Amino acid sequence: MYSVSAYQEFFVAYLENQSIHKEPRNLYDPIHYILSLGGKRMRPVLTLMSAEIFDANYQKALPAAMAVEVFHNFSLVHDDIMDAAPLRRGHETVHEKWDTNTGILSGDAMLILAYQYFEKYEPKTFRKLAKLFSKTALEVCEGQQWDVDFETRNNVTIPEYLKMIEFKTAVLVAAAMKMGAIIAKTSKTNAKLIYDFGLNLGIAFQLQDDYLDAFGDPATFGKQVGGDIIENKKTYLYLKALEFSNEKQKEQLVALFSSQPETVTPKIEQVKQIFTESGASNATQEAIETYTLLAFATLDKLNITPDKKELLRAFGKNLMERKV
């Protein structure tokens, strides 16, 4: 086993070796651009780690890791269009740098490219990977649609929200880990357990992302802080604030999330104040810890050596302490 930073280096070296500079340039240049913006590479790293957790060489998992990363970035390109987001990882989003039509078409091409990486595996492994990938890709789309639907609903519940982030974010983290298990040809039990580990970690990750969207440092977060508030997204923070707020705070919060002011800074600051004063901020941090511990509990059931369990535990802890 290697360190997380080593797996990141292995993956980036593989990514940089891919031939993405093709014609027509306006199709492929945006793909190269979004993939070169960096990021944590969390999902492909988990695929490589998972393969080695179950005693396969990480190199066998590189194509699957690439498929996961290309798909993830495809979803970001389209999400940014839907959210009218100006920044991604501190840089212009694809649709801002080019235009919306380019973002749509380049994103479509990325989805197809992702599938092509599975063709590097033998038929039996290919079928298992493609089946998992298709299921996951559809769930991500379902999660994204729920996310959009929730923007115009005033009765979103905490369970509904958790199901939405499970599909929109967590299933891809879980699938990334299960792909490593499939490539390593481990037992079905191990494959399911590592999927469950990734699922709970993915939910914790998204809750952390929601928290950082409101309370992160603009210098390190890489996205527009307060973006969810501007878009009136019913995040865990918002739903907990509604649950904990007094009547005056609740009325103010509902009114703020029904508005689209030209100057957004006052709205962001007022909402953040309610999040803090109501206790929603603390409740969100507690939920992040809860799902992280659920992920760690899954590790105890895995049939792997203690040092490998500790590596996964350390990865989870570092992920939850992130500022970006």
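A residue counts as exposed when its relative accessible area is over 50%, and as buried when that area is under 20%. By this cut-off Asp55 is exposed, because its relative accessible area is 66%. The model examined here is a predicted one. Its salt bridges are described first, then the packing of two helices, and then two single positions.

Side chains of opposite charge can pair when their charged atoms come close. A search of the whole structure finds 17 salt bridges. One of them joins Asp55 to Lys308. The closest N and O atoms of Asp55 and Lys308 are 2.6 Å apart. Asp55 sits in the loop between helix H3 (42-53) and helix H4 (62-83), while Lys308 belongs to helix H16 (residues 306-320), so the pair ties together parts that are 253 residues apart in sequence. The two partners fall into opposite classes of accessibility. Asp55 is exposed, at 66%. Lys308 is buried, because its relative accessible area is 11% and the limit for a buried residue is 20%. Neighbours within four places in sequence aside, Lys308 is in contact with Met1, Glu52, Ile53 and Asp55. The salt-bridge partner Asp55 is thus one of the residues that Lys308 contacts.

A further salt bridge is formed by Asp83 and Lys233. Here the closest N and O atoms are 3.4 Å apart. This pair also links distant parts of the chain. Asp83 is in helix H4, and Lys233 is in the loop between helix H11 (227-230) and helix H12 (236-244). The separation in sequence is 150 residues. Both Asp83 and Lys233 are buried.

The salt bridge between Lys250 and Glu247 lies within one helix, H13 (residues 247-256). Its closest N and O atoms are 4.0 Å apart. An α-helix has 3.6 residues a turn, so residues three or four places apart point the same way. Lys250 and Glu247 are 3 residues apart in H13, which means that about one helical turn separates them. Lys250 is partly exposed, because its relative accessible area of 27% falls between the limits of 20% and 50%. Salt bridges with shared partners also build a network, which joins Asp83, Asp147, Lys168, Glu231 and Lys233.

Helix H1 (residues 4-16) has 13 residues. From its first C-alpha to its last, H1 reaches 18 Å, close to the 18 Å expected at 1.5 Å a residue. The buried residues of H1 are Ala6, Tyr7, Phe11, Tyr14 and Leu15. These buried residues pack against helix H2 (25-35), H3 and H4.

Helix H4 has 22 residues, and at 1.5 Å a residue they should span 32 Å. The end C-alpha atoms of H4 are 31 Å apart, which agrees. H4 is mostly covered, with 20 of its 22 residues buried. After H4 comes Ala84, which has a positive phi, near 55°.

Two packed helices are described by the angle between their axes and the distance between the axes. For H1 and H4, the axes come within 10 Å and cross at roughly 80°. H1 is therefore roughly perpendicular to H4. On the H1 side, the contact is made by Phe10, Phe11, Tyr14 and Leu15. On the H4 side, Leu62, Pro63, Ala65, Met66 and Glu69 take part. By class, this contact has 8 nonpolar, no polar and 1 charged residues.

Two single positions complete the description. Thr169 lies in helix H8 (residues 158-184). Thr169 counts as buried, because its relative accessibility is 7%. Residues up to four places away in sequence are again not counted among its contacts. On that basis Thr169 touches Arg43, Gly202, Phe205 and Gln206.

Gly216 is found in the loop between helix H9 (188-215) and helix H10 (218-221). Gly216 is buried, because its relative accessible area is 12%. Beyond residues up to four places away in sequence, Gly216 touches Tyr211 and Val225. Gly216 and Leu237 are 21 residues apart in sequence. In space, the C-alpha atoms of Gly216 and Leu237 are 14 Å apart.

How values were computed:
Residues numbered from 1 in each chain as written. Predicted model: local features only at pLDDT ≥ 70, side-chain atom pairs only at ≥ 80, totals over all residues. Heavy atoms only, no water. Helix = DSSP H or I, 4+ residues; strand = E, 2+ residues; numbered from the N terminus. Buried < 20%, exposed > 50% of the residue type's maximum accessible area, 1.4 Å probe, protein only. Contact = heavy atoms within 4.5 Å. Salt bridge = Lys/Arg side-chain N within 4 Å of Asp/Glu carboxyl O. Expected span 1.5 Å × (residues − 1). Axes fitted to C-alpha atoms, helices over the stretch in contact; angles between N-to-C directions. Parallel < 35°, antiparallel > 145°, perpendicular 65-115°, else oblique. Nonpolar A, V, L, I, M, F, W, Y, C, P; charged D, E, K, R; others polar.
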